[in-house]
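The following exercises concern helix packing, the nonpolar core and the surroundings of selected residues. Each task is followed by a solution in steps.

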Amino acid sequence: MPAKSKAQQKAAGAALAAKRGDIKKSELKGASKEMVDSMSEKQLEEFASTKRKGLPAHKNGS
């Protein structure tokens, strides 16, 4: 499943870095903090690898 916004893609990238040990989990904020525990590494890779061109900055509403 691809990311629906640039913010979601960026948060997934940060969570993936923490899951791989590149950064500390304590450095995460907001959505990335929740994503690191609730998503698998494969799911995070799919979100983080989404092309940013054409994505909105933030996802609207529900």
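**Exercise 1. The packing of H1 against H3**

In this predicted model, the axes of H1 and H3 come within 8 Å and cross at roughly 145°. Determine the hand of this crossing, the residues that form the contact, and their division by class.

Solution.
- Step 1. The crossing in which H1 passes H3 is left-handed.
- Step 2. On the H1 side, the contact is made by Gln8, Gln9, Ala12, Gly13, Ala15, Leu16, Lys19 and Arg20. These residues meet Glu41, Leu44, Glu45, Phe47 and Ala48 of H3.
- Step 3. Sorted by class, the contact of H1 with H3 has 6 nonpolar, 3 polar and 4 charged residues.

**Exercise 2. The packing of H1 against H2**

Classify the arrangement of H1 and H2 from the angle between their axes, and describe the contact of the two helices.

Solution.
- Step 1. The axes of H1 and H2 lie 8 Å apart, and the packing angle is about 50°.
- Step 2. Because of this angle, H1 counts as oblique to H2. The class applies to angles that are neither under 35 degrees, nor over 145, nor from 65 to 115.
- Step 3. H1 passes H2 in a crossing that is right-handed.
- Step 4. Ala31, Ser32, Met35 and Val36 in H2 meet a set of H1 residues that comprises Gln8, Ala11, Ala12, Ala14, Ala15, Ala18 and Lys19.
- Step 5. The residues of this contact of H1 with H2 comprise 8 nonpolar, 2 polar and 1 charged.

**Exercise 3. The largest nonpolar core**

How many residues does the largest nonpolar core have, and which of them have the most contacts inside it? Identify also the elements that contribute to this core, and examine the contacts of Met35.

Solution.
- Step 1. The largest nonpolar core consists of 13 residues. Those with the most contacts inside this core are Ala12, Ala15, Met35, Val36, Met39, Leu44 and Phe47.
- Step 2. Two or more residues each are given to this core by helix H1 (6-20), helix H2 (30-38) and helix H3 (41-48).
- Step 3. H1 supplies the largest share of this core, 5 residues.
- Step 4. With neighbours within four places in sequence left aside, Met35 is in contact with Gln8, Ala11, Ala12, Ala15, Leu44 and Phe47.

**Exercise 4. Three residues and their exposure**

Assign Leu16, Lys4 and Asp37 to the classes buried, partly exposed or exposed. State where each residue lies.

Solution.
- Step 1. Leu16 belongs to helix H1. Its relative accessible area is 9%, so Leu16 is buried, the cut-off for this class being under 20%. Residues up to four places away in sequence not being counted, Leu16 touches Glu41, Leu44, Glu45 and Ala48. The C-alpha atoms of Leu16 and Lys42 are separated by 9.1 Å, although the two residues are 26 residues apart along the chain.
- Step 2. Lys4 is placed in the segment before H1. A relative accessible area of 43% makes Lys4 partly exposed. Apart from residues up to four places away in sequence, Lys4 touches Leu55, Pro56 and Lys59. Lys4 and Lys59 are 55 residues apart in sequence, yet 6.3 Å apart in space, C-alpha to C-alpha.
- Step 3. Asp37 is located in helix H2. Since its relative accessible area is 59%, Asp37 is exposed, the cut-off here being over 50%. Between the C-alpha atoms of Asp37 and Lys19, 18 residues apart along the chain, the separation is 8.4 Å.

Notes
Residues numbered from 1 in each chain as written. Predicted model: local features only at pLDDT ≥ 70, side-chain atom pairs only at ≥ 80, totals over all residues. Heavy atoms only, no water. Core = buried A, V, L, I, M, F, W, Y, C linked by side-chain atoms within 4.5 Å. Buried < 20%, exposed > 50% of the residue type's maximum accessible area, 1.4 Å probe, protein only. Helix = DSSP H or I, 4+ residues; strand = E, 2+ residues; numbered from the N terminus. Contact = heavy atoms within 4.5 Å. Axes fitted to C-alpha atoms, helices over the stretch in contact; angles between N-to-C directions. Left-handed = near helix turned anticlockwise from the far one by under 90°. Nonpolar A, V, L, I, M, F, W, Y, C, P; charged D, E, K, R; others polar.
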